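Student: Could you take me through the aromatic side of this structure in some detail? I'd like to hear about the rings and what they sit against.

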Amino acid sequence: MNGKIYDQNMLRVEKADNDFVDWYEVTSDNFDIYGLVPENDGVLTRRIPLEIAEKVSPGVSGQSGYGAGGRIVFLTNSPFVALRTEYGGGAIPTVCNHCFSYGFDLYKFCDEKDVFVGTYRPANDFDFRFAEFKVQTRNDGETICYTLNMPHFAEIKKLYIGLEKGSYLGKRKKYRNSKPIVFYGSSITHGAAAGRPGNTYENFISQKYNLDYINLGFAGNAKAEIAMAEYIAGLDMCLFVCDYDHNAPDVQYLMDTHYRLYEIIREKHPHIPYIMISKPDYFTNPKENFERRKVILESYNKAIAAGDKNVYFIDGESLFEGEFYESCTSDGCHPNDIGFYRMAKKIGAVIAEVLVDKKI
């Protein structure tokens, strides 16, 4: 069999015909950027300032430029949306699939939620530095609000959006929450093993409930260090989700850091909802995971006993519940798209109830 015969739908990358395209840099006033810190060192997809990340750990520093949770939002009536991007370093395609590591995906806002339009997959032979893509929006001239999700395991230095010449381009802040939700956690929070950027549990929640968020997932490197806790505490947010159980090296480490993280954040944010989550792949090691869950429950109960009425606990063991629960991960640990969807249903329901109850 000829090893060079491939599914052409996986190989095809449609490029824009520049004779019919106007290109716009996304850092211009034509776009809203969410989930990323303002560019200050030549990396568009910086999620935490490099000088802070370097104080936390080499792992967080190395991943601080990955675009997880980064979104570009804009209005246009163009029949296509093209991308021209310059990649930085740090992508790890051996860990995540090609589309997810380097690809983008596009959504349109309709009926009060985001709906998938298409993906931007680099060609198999691209050089991991520059790429150009195009997706047909087929909007029949209607002006639509689009959200472009950034790749989760790659740095983007420059990004341009191409629209049909003469098309309308505008801005609209569309999220219902004026302050973002902050998610902090492991590679699960980061989004490893999702099929594409829009299929993480945070993104499913954002799409369904029209919520802004910041993804502070750091694969293998979410360990609730004091420098990280202090950085998170300094963020202006409406709700915090603590989901780093997986990266605590052992039960004792989790015990030493879990309530400490709560205290540091509570000092700066005494009233925001604070959600604690235990790891979802409970079945892989029930004995140890029982002890880990007990630590998180102790943090929760201690906060309740201290009078905190805005703290919530979600049992990770329940997140994959239902038929084929054992098929919710790609490797026994990292949720696949099914797993992330089930996580989003349960976590999202709690977030939605809390935000309505607190009138946020």
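**Rings and their partners**

Tutor: Sure, and keep in mind that this is a predicted model. Let's begin with a charge over a ring: R84 has its charged end over the ring of W23, at 4.1 Å from the ring centre. There's another such contact at Y259, where K302 lies over the face of the ring, 4.3 Å from its centre.

Now for rings against rings. The structure has 15 aromatic pairs. One of them joins Y262 and Y274 edge-to-face, with 5.2 Å from centre to centre and 80° between the planes. Y262 belongs to helix α8 (residues 251–268) and Y274 to strand β14 (residues 274–277), so this pair ties together parts that lie 12 residues apart in sequence. What about solvent? Y262 has a relative accessibility of 7%, so Y262 counts as buried, the cut-off being under 20%. Y274 is buried too, with a relative accessible area of 0%.

Next, look at F283 and Y325, which also form an edge-to-face pair: the centres are 5.9 Å apart and the planes make an angle of 85°. Here the link is between distant parts of the chain, 42 residues apart. F283 sits in the loop between β14 and α9 (286–305), while Y325 is in the loop between β15 (311–314) and α10 (337–357). As for exposure, F283 is partly exposed at 35% relative accessible area, and Y325 is partly exposed at 42%. Both values fall between the 20% limit for buried and the 50% limit for exposed, which is why these two rings get the middle label.

Rings also gather in a group: F183, Y201, Y213 and F340 make up one aromatic cluster.

Since you asked what rings sit against, the second largest pocket is worth a look as well. It holds about 260 Å³ of space. Among the residues lining this pocket are the aromatics Y107, F116, F204, Y209 and Y341, along with K113, D114, K208 and K345. Where does the lining of the second largest pocket come from? β6 (113–120), α6 (201–209) and α10 each give at least two residues to it, and the largest share, 5 residues, is from α6. Sorted by class, the lining of this pocket comes to 7 nonpolar, 1 polar and 4 charged residues.

Technical notes
Residues numbered from 1 in each chain as written. Predicted model: local features only at pLDDT ≥ 70, side-chain atom pairs only at ≥ 80, totals over all residues. Heavy atoms only, no water. Phe/Tyr/Trp six-rings, centres within 6.5 Å; stacked < 30°, edge-to-face > 60°. Helix = DSSP H or I, 4+ residues; strand = E, 2+ residues; numbered from the N terminus. Buried < 20%, exposed > 50% of the residue type's maximum accessible area, 1.4 Å probe, protein only. Lys NZ or Arg CZ within 6 Å of the ring centre and 35° of its normal. 1 Å grid on protein atoms, 1.4 Å probe; cavity = no way out; pocket = protein on both sides within 12 Å on 5 of 7 lines; lining within 4 Å. Points joined across faces, edges and corners; volume = space filled by probe spheres on them. Nonpolar A, V, L, I, M, F, W, Y, C, P; charged D, E, K, R; others polar.
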